[in-house]
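Biologist: I am new to this one, and I would love a friendly tour. Could we look at it together?

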Amino acid sequence: MRAKISYALTAAVLVVYFVLVGSRGLLLIKAGTLLTVTFGVAVLILPVIGVWFLWKNTQFVRDANRLAAELDAEGGLPVDTLRRLPSGRIDRESADEVFALRKAETEDAPDDWRSWFRLAVAYHDARDTPRARRAMQRAIALRKTAS
């Protein structure tokens with residue numbers, strides 16, 4: 001729940017920022033000189049990119065949460081058996097062991113979104129965020145085609 005509140009708060013702050021930056025871009029365009037119009041258009045591009053990025057991330061999080069809820073209802077969510085360091089961080093060797101199991105599971109069933117979801121969790125636990133995101137995107141895409 002804390003992560004959801006944090007995400008919502010960050011998104012709200014970003015939206016306020018986008019509105020402020022966009023209004024400044026419009027003011028520059030209204031000034032009407034070649035230089036201010038050029039800068040105004042350039043300034044307006046930043047909030048457009050930011051809104052697109054925020055929207056895509058929000059869709060990703062929503063879709064991943066939907067898969068997690070479905071997998072939970074089936075009783076298929078991965079159980080956290082990882083060893084932890086005194087600091088609370090996941091022990092790297094423990095994460096690597098679970099990752100090897102999840103990778104083998106995914107290789108055995110490459111068209112199953114559930115195995116890709118569990119692989120994404122294993123990547124995340126192994127601190128490989130880019131691959132975790134790609135694996136989760138694959139799980140989302142497979143789930144959409146299965147519907």
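Biologist: Which helix supplies the largest share of the lining of the largest pocket?

Modeller: That is α2, with eight residues. Helices here are DSSP runs of H or I, at least four residues, numbered from the N terminus. This is a predicted model, where local features need pLDDT of at least 70, side-chain atom pairs count only at pLDDT 80 or more, and totals for chains, interfaces and linings use all residues. Residues are numbered from 1 along each chain as its sequence is written, and side-chain values use heavy atoms, with hydrogens and water left out.

Biologist: What residues of the lining are the closest to the centre of the largest pocket?

Modeller: Of the 20 that line the pocket, they are Ala3, Phe60, Val61, Ala64 and Asn65. A lining residue has an atom within 4 Å of a point of the pocket, which is an open set on a 1 Å grid over the protein atoms alone, where a 1.4 Å probe fits, with protein on both sides within 12 Å along at least five of seven lines.

Biologist: Why is Leu82 called buried?

Modeller: Buried means under 20% relative accessible area (1.4 Å probe, protein chains only). Leu82 has 11%, so Leu82 counts as buried. Leu82 sits in the loop between α2 and α3 (92–108).

Biologist: What does Leu82 touch, leaving out residues up to four places away in sequence?

Modeller: Leu82 touches Ile90, Ser94, Ala95, Val98 and Asp125, where contact means heavy atoms within 4.5 Å. Leu82 and Ser94 are twelve residues apart in sequence, yet 5.6 Å apart in space, C-alpha to C-alpha.

Conventions
Helices (H or I, at least four residues) and strands (E, at least two) are DSSP runs, numbered from the N terminus. Buried means under 20% relative accessible area, exposed over 50%, partly exposed in between (1.4 Å probe, protein chains only).
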